[in-house]
Amino acid sequence: MSGDRAQTVLDFVVGMSVFLVAVGFTFAFVPSLLEPYAVGEGATVIVAERGAARLAESSLAEPSVAGGTTATLSHACTLAFFDGTDPDAAADESDCAWTANADDLHAELGVDDLRGLNLTVTQHGAIETLNSTDGPVAMRAGPAPPGGTSVSSASRIVTIDDPEDPRGPETYRLTLRVW
């Protein structure tokens, strides 16, 4: 072997091939290594489940059973929540546990504003209303989910005990949608 041998074409081809395989491997597998830390569809399911549980079991629940799992909503707190009553006034009058009303659902559930939220309380597929002195109040909050977007939802079967209703507690479906 002589010491004056330069790089041959074959050496260049082998070197470039190894370089291209290394770059291809990096672009193919590095994103999958970061996947567990990326926010995906699973996060919206968790937000929907926890939000529905919070609303049914503590925020709108009867003050005497708040923190329990009976899912009996307080008529006064639910009406005040959807009516847009000030949280401090609702806490003073009816001992309600929510800190923000339906107008600021993101604050009540602790969800950032980048996610869309929609809360509805239905009975037999129709959005229900509660009667107040100012008229009926629809039990819904937030915009309708946009079409073509993946939406996660969670539902709870709840009862609302209206003390003035002679029929007694009625069963409703509380549904929280997150996108």
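Two residues are in contact here when heavy atoms of the two lie within 4.5 Å. The structure described is a predicted model. With that meaning of contact, and leaving aside neighbours within four places in sequence, T175 is in contact with N118, L119, T120, S153, A154 and S155. T175 belongs to strand β8. N118, L119 and T120 are thus among the contacts of a residue of β8.

The chain as a whole contains five helices and eight strands. Read from the N terminus, the order of these elements is α-α-β-α-α-α-β-β-β-β-β-β-β. The protein chain has 179 residues, and buried residues make up 35% of them. Contacts between residues at least 6 apart in sequence were also examined, and 54% of them join residues at least 24 apart.

Strand β8 covers residues 170-178. T175, in this strand, has a relative accessible area of 6% and is therefore buried, since the limit for that class is under 20%. One of the residues in contact with T175 is S155, and the side chains of T175 and S155 make a polar contact of 3.1 Å. T171 also lies in β8. With a relative accessible area of 46%, T171 is partly exposed, because this value falls between the limits of 20% and 50%. Apart from neighbours within four places in sequence, the contacts of T171 are with Q123, I157, V158 and T159. The C-alpha atoms of T171 and I157 are 6.8 Å apart, while the two residues are separated by 14 places in sequence.

Strand β7 comprises residues 152-161, and S152 is placed in it. The relative accessible area of S152 is 9%, so this residue counts as buried. The side chain of S152 takes part in a polar contact with the side chain of T44, at 2.7 Å.

A single disulfide was found when the whole structure was searched. The disulfide is formed by C77 and C96, with 2.2 Å between the sulfur atoms. The two cysteines are 19 residues apart and the pair links distant parts of the chain, C77 being in helix α3 and C96 in the loop between α4 (87-94) and α5 (105-109). The angle about the S-S bond is -100 degrees, and the link is left-handed. Both ends of the link can be described by accessibility. C77 has a relative accessible area of 0% and is buried. C96 is likewise buried, with a value of 7%.

The loop between α4 and α5 also holds D95. The phi angle of D95 is near 60 degrees, which is a positive value in a residue other than glycine. D95 is exposed, because its relative accessibility of 54% is over the limit of 50%. A positive phi is found for H124 too, near 55 degrees, and again the residue is not glycine. H124 is located in the loop between β2 (117-123) and β3 (126-127). The relative accessible area of H124 is 82%, and this residue therefore counts as exposed.

The largest pocket holds about 280 Å³ of space. Its lining consists of 16 residues, of which H75, L130, N131, D162 and D165 are the closest to the centre of the pocket. By type, the lining is made up of five nonpolar, five polar and six charged residues. Three elements each supply at least two residues of this lining: α3 (75-83), β4 (129-132) and β8 (170-178). The largest share comes from β4, with three residues. Helix α3, which contributes to the lining of the pocket, is also the helix in which C77 of the disulfide lies. Strand β8, another contributor to the lining, is the strand that contains T171 and T175.

Notes: Residues are numbered from 1 along each chain as its sequence is written. This is a predicted model: local features need pLDDT of at least 70, side-chain atom pairs count only at pLDDT 80 or more; totals for chains, interfaces and linings use all residues. Side-chain values use heavy atoms; hydrogens and water are left out. On a 1 Å grid over the protein atoms alone, a cavity is a set of points where a 1.4 Å probe fits but cannot get out, and a pocket is an open set with protein on both sides within 12 Å along at least five of seven lines; lining residues have an atom within 4 Å of a point. Grid points are joined across faces, edges and corners, and a volume is the space filled by probe spheres set on the points. Helices (H or I, at least four residues) and strands (E, at least two) are DSSP runs, numbered from the N terminus. Ala, Val, Leu, Ile, Met, Phe, Trp, Tyr, Cys and Pro count as nonpolar, Asp, Glu, Lys and Arg as charged, and the others, Gly among them, as polar. Buried means under 20% relative accessible area, exposed over 50%, partly exposed in between (1.4 Å probe, protein chains only). A polar contact is a pair of N or O atoms within 3.5 Å; within protein, one must be able to donate a hydrogen and the other to accept it, and residues adjacent in sequence count only if both atoms are side-chain atoms. A disulfide is a pair of cysteine sulfur atoms within 2.5 Å.
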